[in-house]
Amino acid sequence: MTPKLRTVALVTGAALLTRRALRRRVRRSPLWPLPALDPPISGRPRSRALKLLVTAHEMIADGVVQLRLEGPGLPRWEPGAHLDLVLPSGLVRQYSLCGDTEDTSAYTIATRLAADGRGGSREVHEQLAEGMELEVRGPRNRFPLADAPAYVFVAGGIGITPILPMLRALPDGAEWRLLYGGRTRASMPFLEEVRKLAGDRLAVVAEDEDGRPDLAALFADTAEGTAVYCCGPEGLMAAVQEALPEGATLHLERFAPRAGTDGDTEFALELRRTGRTLTVPAGSTVLAAVRRELPDTAYSCEQGFCGTCRQRVLEGEIEHRDELLTDAERRDSMLICVSRARGDRLVLDM
């Protein structure tokens, strides 16, 4: 090759490498050369709706039904993600994905029948059937698996659903252990699969046989930087938080809105556009007060997860208790089903 051709080849090769590197850099941060933006701490924006077919509806444990929802080319998801399921009645409920993250043809969810719940789980158990079409939104992930030197997982009953895909995703050689508890062994979904995945790293605690789990023993000799993941009833999560060793980080997935730090207090609520001022009692919600005056106000989950009841706030400080809004959205809006005033007055654009 002549020197001139060699120079042309080198320049062409360098340009090609530069173009490829630039393409990769832009994919990582579309606003390049600005730095990549961190994901919102408190949630993700809502996603488009999908229409999926129920191809399996089966009881997999006492009181627990598993659904398989199929559709073409579904968005990928990572362990900890959940779906918003729009039920035929119009109710919106959130369920953790517990299937195979590589399967883009179907989503798998499971739900326990809550006899004293608000009707969503009963509708899933008693009214859904194979062959029905359902609307879903998502997936979204507010419970992602972080990189850590070691892991401790604590699951209570149906709380195993977001943790199960995490166990499958852990790299070979990862240091981890799991405490899986439930009222009875028969009520604990995926127990056999969990046994196969965890082996001697698993402690099963059935309350009717063993009583309450020994969290002190679970956290003994926990290494600095260990990530603790917990999903289950509020009492279990509070106990884990209390027993958390120094140097560990705690990640929680709630089934219900978080409690206020100082308890609930009464406050005045002004609805600016309608010219009404209401009182929100300590034992009630903003949504309940608003619906007494404006019964057509939209709402669904009443848990701070779906975003249906979001309203713009004109004045007042908000005590956010939802698990959905991004930090930017929280500056001037709230989910009135769970969040309250952090003070004696709040003004909504209603």
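**Strand pairings, a parallel sheet and some unusual backbone spots**

Leucine 271 sits across from arginine 276 of strand S13. This is a predicted model, and that pair of residues is a handy way into it. The two strands concerned are S12 and S13 (residues 276–280), which run antiparallel to each other and are held by five bridges. Four residues lie between the strands of this hairpin, and one spot to look at is glycine 275, whose phi is positive, near 70°. On top of that, S12 pairs with strand S18 (residues 345–348), this time in the parallel sense and over four bridges. Here alanine 268 is the residue that faces arginine 345 of S18. Strand S12 itself covers residues 267–271, and because four of these five residues are buried, the strand is largely enclosed by the rest of the structure.

Elsewhere, five strands come together as an open sheet with parallel pairing, and their order is S9-S8-S7-S10-S11. The edges are taken by S9 (202–206) and S11 (249–253), each of which has a pairing partner on one side only. Ignoring direction, neighbouring strands in this sheet are turned against each other by 15° on average. Within the sheet, S7 (residues 151–156) runs parallel to S8, and six bridges join the two. Two of the matched positions can be picked out by eye: phenylalanine 153 stands opposite leucine 178 of S8, while valine 154 has leucine 179 of S8 as its bridge partner. Strand S8 is mostly covered, with six of its seven residues buried.

Helix H3 (residues 160–169) packs on this sheet and touches S7, S8, S10 and S11. The direction of H3 makes about 150° with that of S7. Helix H3 also packs with helix H4, at an angle of about 30° and with the axes 11 Å apart. Angles under 35 degrees count as roughly parallel, so H3 and H4 are roughly parallel to each other. Their crossing is left-handed. On the H3 side the contact is made by Ile160, Leu164, Leu167 and Arg168, and on the H4 side by Glu193, Val194 and Leu197.

Glutamate 193 gives a closer view of that helix pair. This residue lies in H4 and, leaving aside neighbours within four places in sequence, is in contact with Leu164 and Arg168. Leucine 164 is 29 residues away from glutamate 193 along the chain, with 8.9 Å between the two C-alpha atoms. Glutamate 193 counts as partly exposed because its relative accessible area is 31%, which falls between the cut-offs of 20% for buried and 50% for exposed.

Next come the aromatic side chains. A pair of aromatic rings is described by how far apart the centres are and by the angle of the planes. The structure holds four aromatic pairs. One of them joins tyrosine 151 and phenylalanine 153: this pair is stacked, at 5.8 Å centre to centre and with 10° between the planes. Both tyrosine 151 and phenylalanine 153 are buried. They also belong to one aromatic cluster, made up of Phe143, Tyr151, Phe153, Trp176 and Tyr229.

That leaves the backbone oddities. Most residues other than glycine have a negative phi, and most peptide bonds are trans. Against that background, a cis peptide bond joins glycine 138 and proline 139, with omega at about 5°. Proline 139 is found in strand S6 (residues 133–140). Phenylalanine 190 is not a glycine, yet its phi is positive, at about 65°. The residue is placed in the loop between strand S8 (176–182) and helix H4 (191–198). With a relative accessibility of 14%, phenylalanine 190 counts as buried, since the cut-off is under 20%. Aspartate 221 is another non-glycine residue with a positive phi, here about 60°. Its place is the loop between helix H6 (215–218) and strand S10 (227–231). Aspartate 221 counts as exposed, because its relative accessibility is 79%. So of these two loop residues, phenylalanine 190 is buried and aspartate 221 is exposed.

Conventions:
Residues are numbered from 1 along each chain as its sequence is written. This is a predicted model: local features need pLDDT of at least 70, side-chain atom pairs count only at pLDDT 80 or more; totals for chains, interfaces and linings use all residues. Side-chain values use heavy atoms; hydrogens and water are left out. Rings of Phe, Tyr and Trp (its six-membered ring) pair if their centres lie within 6.5 Å; planes under 30 degrees apart count as stacked, over 60 as edge-to-face and the rest as tilted. Buried means under 20% relative accessible area, exposed over 50%, partly exposed in between (1.4 Å probe, protein chains only). Two strands pair if DSSP finds at least two bridges between them. Axes are lines fitted to C-alpha atoms, for helices over the stretch in contact, and angles run from 0 to 180 degrees between N-to-C directions. Contact means heavy atoms within 4.5 Å. Angles under 35 degrees count as roughly parallel, over 145 as roughly antiparallel, 65 to 115 as roughly perpendicular and the rest as oblique. A crossing is left-handed if the near helix is turned anticlockwise from the far one by less than a right angle, and right-handed if clockwise.
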